[in-house]
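Work through the exercises below with the sequence and the 3D structure beside you, and try each task before you read its solution.

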Amino acid sequence: MNKPVEKGAVAYQSISVSPLAGALGAEIGGVNLVTLEDDAVWAEVLRAFVEHSVLVFRDQPIEPADLMRIGSRFGPPSYYPFVTGMKDFPYIFEIVKEPSEKVNFGGAWHSDSSYLVEPPLGTVLYAVETPSHGGDTLFTSTYLAYDALSEGMKKIVGSLTGVFSAELKYGGGRTKMHQSIGAMKIHDTDKAAEVGAEHPIVRTHPDSGRKALYLSRSHTVHFEGMTEEESRPLMDYLIAHQVRPEFTCRVRWSPGTLTVWDNRCTQHNAVNDYHGQRRRMRRLTVGSQRPV
Ligand code: SIN
């Protein structure tokens with residue numbers, strides 16, 4: 001196992017790294033992602049990704065082809081199973097909420113596609129159009145959530161496996177997703193029950209060596225070997241615990257903001273507080289990786 005990475009232990013030479021909060025997240029300055037080719041600078045960006053889990057880049061004029069290139073620095077692209085991608089860029093899809101709509105995409109705490117056997121290690125999200133205010137994304141550090149548990153609870157959760165399913169969100173389960181949101185084409189919801197996996201409730205990040213909680217109301221059905229009813233009290237406790245304010249940060253978007261987050265040690269929640277305004281984002285997931 002790798003030695004745990006300590007935040008800020010080694011200074012950055014080519015980029016500026018300004019933490020967003022005490023818990024996680026950093027704004028990165030001094031880079032133009034579209035023209036950035038220098039491997040040494042990319043190595044610093046990737047180090048910041050491991051240290052801060054959520055990276056925000058401002059004022060980046062990024063086209064879909066650029067997004068593919070930038071995303072591939074974090075991992076190979078991975079398909080999202082339930083939303084049709086952009087023409088010519090099938091790995092990228094647009095998240096759109098129209099002024100007339102009330103439902104948003106991603107408006108509940110989750111780690112992306114954790115119902116897959118090999119969920120994406122990261123998600124890259126680029127803001128094209130943003131509301132004048134609102135539409136922020138909240139993030140929480142599931143490292144800090146794990147670290148804050150008592151030794152007794154760490155022992156219990158460390159022995160648990162979670163049963164994950166896309167059915168909860170896409171198949172009419174407890175966090176049911178609508179069949180379409182604005183211009184987004186949601187498909188294959190009838191197959192959601194077939195999309196599932198079992199993962200450890202505590203996973204170890206392969207790059208930092210740190211342990212993180214890995215469960216959500218959106219994707220985790222129950223603990224393996226236990227009924228839903230038996231699992232619920234502890235699941236409810238952990239799900240509420242892992243989003244305590246001191247574990248979180250908040251990203252405010254404007255057109256040209258790109259954020260990349262680490263699904264292995266964070267969860268996020270798109271705040272739905274901008275009814276009457278349009279929000280349009282481009283989203284790419286990267287690096288399929290089995291949680292261990
Ligand atoms: C998502 O959950 O992938 C969407 C996040 C957002 O739109 O802020």
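**Exercise 1: The cavities**

In this predicted model, the largest cavity holds about 100 Å³ of space. Find how many cavities of 30 Å³ or more the whole structure has, and state what takes up the space of the largest cavity.

Solution. Begin with the search of the whole structure, which finds two cavities of 30 Å³ or more. Then turn to the largest cavity, and you will see that its space is the space taken by the ligand. Two strands, β17 (266-270) and β18 (279-288), are the elements that give two or more residues to the shell around the ligand.

**Exercise 2: The lining**

List the residues that line the largest cavity, and sort them by class.

Solution. Going along the chain, write down Ile95, Phe105, Gly106, His110, Asp112, Leu125, Thr137, Trp261, His268, Ala270, Arg279 and Arg283 as the lining. Next, divide these residues of the lining into five nonpolar, four polar and three charged. Finally, look for the strands among them, and note that β17 and β18 each supply at least two residues of this lining.

**Exercise 3: Polar contacts of the ligand**

Which distances separate oxygen atoms of the ligand from polar side-chain atoms of Thr137 and His268, and from an N or O atom in the side chain of Arg279?

Solution. Take Thr137, where a polar side-chain atom lies 2.6 Å from an oxygen atom of the ligand. For Arg279, an N or O atom in the side chain is 2.8 Å from a ligand oxygen. In His268, a polar side-chain atom lies 3.0 Å from an oxygen atom of the ligand. As a last step, consider the cover around the ligand: on its own the ligand has 260 Å² of accessible area, and the protein covers 100% of this area.

Note on methods. Residues numbered from 1 in each chain as written. Predicted model: local features only at pLDDT ≥ 70, side-chain atom pairs only at ≥ 80, totals over all residues. Heavy atoms only, no water. Polar contact = N/O pair within 3.5 Å; in protein donor to acceptor, adjacent residues only side chain to side chain. Areas by Shrake-Rupley, 256 points an atom, 1.4 Å probe, with all protein chains shown as cover. 1 Å grid on protein atoms, 1.4 Å probe; cavity = no way out; pocket = protein on both sides within 12 Å on 5 of 7 lines; lining within 4 Å. Sits in = over half its atoms within 2 Å of the grid points. Helix = DSSP H or I, 4+ residues; strand = E, 2+ residues; numbered from the N terminus. Points joined across faces, edges and corners; volume = space filled by probe spheres on them. Nonpolar A, V, L, I, M, F, W, Y, C, P; charged D, E, K, R; others polar.
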